[in-house]
Amino acid sequence: MPATVVIVDDHLLIAKAIASIIHDLPGYKVLYECENGKVLTEKMAVPANIPTVVLLDISMPVMDGFETAAWL
């Protein structure tokens, strides 16, 4: 079973580029991408959306990486 990854970054092009790289790695699967920590907390309310790994940007609007990491 592959490790599941979520990308949290407010820069859509960066998130898509990282997702593309991860897609090519064996043993990893990108579940979804979020533009900030608030969206991540909402998505993770569903148990099926809880990933193995979270790649987290620090500087984001609404809920930044520090607040999100504390929540996680």
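Is lysine 16 buried, partly exposed or exposed? Select lysine 16 to begin the tour: at 46% relative accessibility, this residue counts as partly exposed. Keep in mind along the way that the model on your screen is predicted.

**Stop 1: the salt bridges**

Stay with lysine 16 and add glutamate 33 to the selection. Their side chains meet in a salt bridge, with 3.5 Å from N to O. The pair joins distant parts of the chain, since lysine 16 sits in helix H1 while glutamate 33 belongs to strand S2 (residues 28-34), 17 residues apart. Glutamate 33 is partly exposed, at a relative accessible area of 25%.

How many salt bridges does a search of the whole structure find? The search returns 2. To see another, select lysine 38 and glutamate 42, whose side chains meet at 3.6 Å, N to O. Here both partners lie in helix H2 (residues 37-43), 4 residues apart, or about one turn of the helix. Color them by accessibility if you like: lysine 38 counts as partly exposed at 40%, and glutamate 42 counts as partly exposed at 47%.

**Stop 2: a lysine over a ring**

Now pick lysine 43 together with tyrosine 32. Lysine 43 lies over the face of tyrosine 32, and the distance to the ring centre is 5.1 Å. If you are hunting for aromatic pairs as well, you can move on, as a search of the whole structure finds 0 of them.

**Stop 3: a buried aspartate**

Go to aspartate 57, in the loop between strand S3 (53-56) and H3. Which side chain of opposite charge is nearest to aspartate 57? That side chain belongs to lysine 16, where the tour began, and it is 15 Å away. Aspartate 57 is buried, yet has no salt bridge. For a polar neighbour, show the backbone nitrogen of serine 59, which lies 3.4 Å from a polar atom of the aspartate 57 side chain. Then display the surroundings: leaving aside residues up to four places away in sequence, aspartate 57 touches Val8, Asp9, Asp10, His11 and Gly65.

**Stop 4: valine 62**

Remain in the loop between S3 and H3 and select valine 62. Its phi is near 70°, a positive value in a residue other than glycine. Is valine 62 buried or exposed? Valine 62 is exposed, because its relative accessible area is 64% and the cut-off for exposed is over 50%.

**Stop 5: inside helix H3**

Next, select threonine 68 in helix H3 (residues 65-71). Threonine 68 is buried, with a relative accessible area of 0%. Where does the side chain of threonine 68 reach? Draw a distance to the backbone oxygen of aspartate 64 and you should find 2.7 Å. Show its contacts too: not counting residues up to four places away in sequence, threonine 68 touches Gly37, Leu40, Leu56, Met60 and Met63.

**Last stop: back to helix H1**

Finish with isoleucine 21, found in helix H1 (residues 12-23). This residue counts as exposed, at 55% relative accessibility. Add alanine 3 and draw a line between the two C-alpha atoms: isoleucine 21 and alanine 3 are 14 Å apart in space and 18 residues apart in sequence.

Notes:
Residues are numbered from 1 along each chain as its sequence is written. This is a predicted model: local features need pLDDT of at least 70, side-chain atom pairs count only at pLDDT 80 or more; totals for chains, interfaces and linings use all residues. Side-chain values use heavy atoms; hydrogens and water are left out. Helices (H or I, at least four residues) and strands (E, at least two) are DSSP runs, numbered from the N terminus. Buried means under 20% relative accessible area, exposed over 50%, partly exposed in between (1.4 Å probe, protein chains only). A polar contact is a pair of N or O atoms within 3.5 Å; within protein, one must be able to donate a hydrogen and the other to accept it, and residues adjacent in sequence count only if both atoms are side-chain atoms. Contact means heavy atoms within 4.5 Å. Lys and Arg count as positive and Asp and Glu as negative; His and the chain ends are not counted. A salt bridge is a side-chain nitrogen of Lys or Arg within 4 Å of a carboxyl oxygen of Asp or Glu. Rings of Phe, Tyr and Trp (its six-membered ring) pair if their centres lie within 6.5 Å; planes under 30 degrees apart count as stacked, over 60 as edge-to-face and the rest as tilted. A charge sits over a ring if NZ of Lys or CZ of Arg is within 6 Å of the ring centre and within 35 degrees of the ring normal.
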